[in-house]
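Work through these exercises with the sequence and the model side by side. Try each task before reading its solution.

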Amino acid sequence: MNGWLALFAAGLLEIAWAMGLKYSDGLTRFWPSAATALAILASFALMAIALKSLPFGTAYAVWTGIGAAGSIVVGMLLFGESADPVRLLCLLLIVAGMVGLKLNSSA
């Protein structure tokens, strides 16, 4: 599997497990908690695959950036969280940082 594809999938699973934590009600609901645990394991496994071919610092920053940016968007869309201009600017800065790291990566 391509390292960047594995990293992207791992980042999407970061969003999934963050949502799972929200729906698990403090890990007190079985199915959301189980889904969260599976998403965490799969995210870590895909990150391990990505690290075989990508620089560590770049991969980690992009992985967490996808999770952070995606969780912000999900929060706005599903949970009615604020979408004020400053928050959107900060989201844009996270995405710009990830793009910059990707463009500057040797892999």
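The expected span of a helix is 1.5 Å times one less than its number of residues. Keep in mind that this is a predicted model.

**Exercise 1. Does length match residue count?**
Compare the expected span of helix 3 with the distance between its end C-alpha atoms.

*Solution.*
- Step 1. Take the 24 residues of helix 3; at 1.5 Å a residue they should span 34 Å.
- Step 2. Check the ends: the end C-alpha atoms of helix 3 are 33 Å apart, which agrees.
- Step 3. Look just past the helix. Helix 3 is followed by Gly 80, with a positive phi near 65 degrees.

**Exercise 2. The overall layout**
State how many helices and strands the chain has, and give its span along the principal axes.

*Solution.*
- Step 1. Count the elements: four helices and zero strands.
- Step 2. Read them from the N terminus: α-α-α-α.
- Step 3. Take the C-alpha trace, which spans about 45 × 35 × 15 Å along its principal axes.

**Exercise 3. The largest pocket**
Find which residues line the largest pocket, and sort them by character.

*Solution.*
- Step 1. List the lining: Trp 4, Leu 5, Leu 7, Phe 8, Val 62, Ile 66, Met 98, Val 99 and Lys 102.
- Step 2. Assign elements. Helix 1 (3-23), helix 3 (56-79) and helix 4 (85-103) each give two or more residues to this lining.
- Step 3. Find the largest share: helix 1, with four residues.
- Step 4. Sort the lining: eight nonpolar, no polar and one charged.
- Step 5. Add the volume. The pocket holds about 170 Å³ of space.

**Exercise 4. A nonpolar surface patch**
Identify the residues of the nonpolar surface patch and its area.

*Solution.*
- Step 1. Pick out Tyr 23, Val 73, Leu 77 and Leu 78, which make a patch of about 400 Å².
- Step 2. Find the largest share: helix 3 gives three residues. Leu 78 lies in helix 3.

How values were computed
Residues numbered from 1 in each chain as written. Predicted model: local features only at pLDDT ≥ 70, side-chain atom pairs only at ≥ 80, totals over all residues. Heavy atoms only, no water. 1 Å grid on protein atoms, 1.4 Å probe; cavity = no way out; pocket = protein on both sides within 12 Å on 5 of 7 lines; lining within 4 Å. Points joined across faces, edges and corners; volume = space filled by probe spheres on them. Nonpolar A, V, L, I, M, F, W, Y, C, P; charged D, E, K, R; others polar. Patch = residues over 30% accessible without salt bridge, like charges linked within 9 Å, V, L, I, M, F, W, Y side chains within 5 Å. Areas by Shrake-Rupley, 256 points an atom, 1.4 Å probe, with all protein chains shown as cover. Salt bridge = Lys/Arg side-chain N within 4 Å of Asp/Glu carboxyl O.
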